[in-house]
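Thank you all for making the time this morning. I would like to walk through one structure with you, taking the side-chain contacts group by group, and I will put it on the screen before I say anything about it.

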Amino acid sequence: AEERDRRASELKHVLASRYADLSSAWRALRTDELTERIRSSFSSTERTVLVSGWIPDSSRLAVESELRAATNGKLYLEWLSPGSGDAKKLDTPVALSNPKVLKPFQDLVGNYGVPEYGTIDPTPFVAISYLCMFGLMFGDAGHGLVIAIIGILGIARARKKGAKDGLFRLIAYCGGAAIVSGLLFGSVFGHELLPPLWFNYHGAVTGTGHGGPVSSIYDILGITVRFGIVVMGMGMAINWINLIRKKKWFELVFDKAGVFGAWIYGAGAWMAFYFVAHDYKALPSMAVLALALGIPTLGLGLKAPLEFYRENRHEHKLFGGGTLFGFVLSWLVEVLEIYSGYLANTLSFMRVAGLGIAHVSLMTAFAQIAAMTSPGGGTTLWGVLILVLGNALVIALEGLSAGIQSLRLNYYEFFSKFFNGTGKAYRPISLRSRD
């Protein structure tokens with residue numbers, strides 16, 4: 001061990017004394033390695049090199065200028081736009097480009113998949129929905145301040161080490177969202193220390209609220225259900241825009257998140273609110289229900305026959321009884337999936353309220369346990385210790401749960417409405433490559 005330590009010390013001394021020469025040699029070797037990798041990607045003869053690849057349109061003029069300078073103008077240059085000419089057969093790579101402030105949320109999108117070229121980048125929508133969900137689940141200004149400080153310290157440490165700070169940025173943003181929602185609910189470290197700007201979350205959960213538009217747990221559940229409807233509607237709208245851009249008219253009408261699917265979802269949501277508004281005793285008239293739900297439901301029955309026609313129209317293939325049975329079965333499965341799936345998707349957002357209610361309930365329980373340490377009133381050391389440990393436990397467990405659930409709801413309830421396919425990430429080979 002002593003010999004190893006001595007040799008390690010000698011090596012460090014050699015590296016320090018010859019750092020400039022060794023760094024220069026490493027850069028030269030790395031440059032040669034990457035240059036050979038780049039060259040191996042292209043065909044060549046003794047005097048000619050055929051170079052092809054993708055570049056961002058914003059770099060086009062600069063690349064052309066450098067190519068002409070490097071070849072003294074002895075080149076033939078042809079630009080192909082995505083989706084035209086020979087490029088029609090190729091998958092156009094996608095380079096997501098968002099402001100630095102949105103980079104953590106761009107990473108969340110990239111972890112799920114790369115959007116297809118020409119479709120909407122959902123990063124800005126994810127940033128809004130993620131932070132709103134986290135704030136509704138973790139609405140405490142004091143706890144949010146602690147999380148924000150942890151994120152800021154993590155960013156500073158990552159920068160010092162030259163490492164990525166995306167995760168710590170996300171933590172800091174979540175802390176900011178919790179601070180804002182905590183001010184809206186008047187909650188600081190599990191106590192009603194501030195007048196709520198929106199409604200008293202603690203009062204609604206514990207039953208001590210004093211009226212107002214939100215005064216019970218059921219009202220909180222209603223808020224999260226409405227929020228879920230907005231998020232899912234946004235996903236459907238993005239899906240429509242993507243399908244229109246790709247000129248996929250059949251999918252625009254018959255896709256699960258297409259026109260008929262959205263029609264059924266919107267009508268179902270309206271019918272549910274109508275039922276609740278009438279004290280769970282009345283539904284719209286049969287004529288209205290037939291118009292709101294019957295037309296899109298029957299319209300979905302055309303999907304399977306039209307698909308059969310599209311696939312076999314050149315073969316003039318006829319269908320028999322078995323094929324008709326398949327059409328009906330496919331329609332029933334599709335309708336069942338839409339009705340049950342959208343109901344489950346919407347109710348899934350109730351977990352946002354569930355975690356928020358659990359947050360308040362835990363803090364209330366710790367406050368009551370701390371109070372039990374001093375039956376005569378006042379403050380004891382054990383009571384303070386219980387409150388400190390309780391707050392730390394809630395910050396750790398509830399913060400992690402809220403972060404995971406916000407991600408899950410985005411991935412499975414929001415992305416599933418429009419992420420019909422994944423694109424190919426743009427990863428160019430360059431002299432700055434690390435892989």
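Let me begin with a question: how far is the sulfur of Cys 132 from the closest cysteine sulfur, and in which residue does that closest sulfur lie? The answer is 11 Å, with the partner sulfur in Cys 174, and that is too far for a bond. Please keep in mind throughout that what you are looking at is a predicted model. Seen from the other side, the closest cysteine sulfur to that of Cys 174 is the one in Cys 132, again at 11 Å and again too far for a bond, because a disulfide would need the two sulfur atoms within 2.5 Å. By that rule the count of disulfides comes to zero. As for their surroundings, Cys 132 is partly exposed, with a relative accessible area of 36%, whereas Cys 174 is buried, at 6%.

Let me turn to the aromatic rings. The structure holds 25 aromatic pairs, and I have picked out one of them, Phe 308 with Phe 327, whose ring centres are 5.8 Å apart and whose planes stand at 70°, so that the pair is edge-to-face. This pair links distant parts of the chain, since Phe 308 belongs to helix α13, residues 303-312, and Phe 327 to helix α14, residues 321-348, with the two positions 19 residues apart in the numbering. Phe 308 counts as buried at 15% relative accessibility, and Phe 327 is likewise buried, with a relative accessible area of 12%.

Elsewhere, Tyr 112, Tyr 411, Phe 414, Phe 415, Phe 418 and Phe 419 form one aromatic cluster. There are also charges placed over rings: Lys 256 lies over the face of Tyr 342, at 5.7 Å from the ring centre, and Arg 310 lies over the face of Phe 250, at 4.4 Å from the ring centre.

Next, the interior. The largest nonpolar core has 60 residues, and the members that touch the most other members are Phe 105, Tyr 201, Ile 220 and Phe 415. The largest share of this core, eight residues, comes from α9. Phe 415 we have already met, as a member of the aromatic cluster. Which residues does Ile 220 contact, once we leave aside its neighbours within four places in sequence? They are Phe 199, Tyr 201, Ala 204, Val 205, Val 214 and Ala 353, and Tyr 201 is itself among the core members with the most contacts to other members.

I would also like to point out Asn 242, which lies in helix α9, residues 217-245. Is Asn 242 buried or exposed? At 3% relative accessibility it counts as buried, and, not counting residues up to four places away in sequence, Asn 242 touches Thr 119, Ile 120 and Phe 418, the last of these being part of the aromatic cluster I described.

That leaves the charged pairs. A search of the whole structure finds 14 salt bridges, and I will describe three of them. The side chain of Arg 6 forms a salt bridge with Glu 3, with the closest N and O atoms 2.6 Å apart; both residues lie in helix α1, residues 2-17, three residues apart, about one turn of the helix. Arg 6 is partly exposed at 39% relative accessible area, and Glu 3 also counts as partly exposed, at 39%.

Asp 107 forms a salt bridge with Lys 103, where the closest N and O atoms are 2.8 Å apart, and because these two are four residues apart in helix α4, residues 103-112, they are separated by about one helical turn. Asp 107 is partly exposed, with a relative accessible area of 31%, and Lys 103 counts as partly exposed at 38%.

The third salt bridge brings together the side chains of Glu 334 and Lys 303, at 3.2 Å from N to O. Here the pair links distant parts of the chain, Glu 334 being in helix α14 and Lys 303 in helix α13, 31 residues apart. Glu 334 is buried, with a relative accessible area of 16%, and Lys 303 counts as buried at 18%. Finally, salt bridges that share partners join Glu 3, Arg 6, Arg 7 and Glu 10 into one network.

Methods. Residues are numbered from 1 along each chain as its sequence is written. This is a predicted model: local features need pLDDT of at least 70, side-chain atom pairs count only at pLDDT 80 or more; totals for chains, interfaces and linings use all residues. Side-chain values use heavy atoms; hydrogens and water are left out. Rings of Phe, Tyr and Trp (its six-membered ring) pair if their centres lie within 6.5 Å; planes under 30 degrees apart count as stacked, over 60 as edge-to-face and the rest as tilted. Buried means under 20% relative accessible area, exposed over 50%, partly exposed in between (1.4 Å probe, protein chains only). A charge sits over a ring if NZ of Lys or CZ of Arg is within 6 Å of the ring centre and within 35 degrees of the ring normal. Contact means heavy atoms within 4.5 Å. A nonpolar core is a set of buried Ala, Val, Leu, Ile, Met, Phe, Trp, Tyr and Cys residues joined through side-chain atoms within 4.5 Å. A salt bridge is a side-chain nitrogen of Lys or Arg within 4 Å of a carboxyl oxygen of Asp or Glu.
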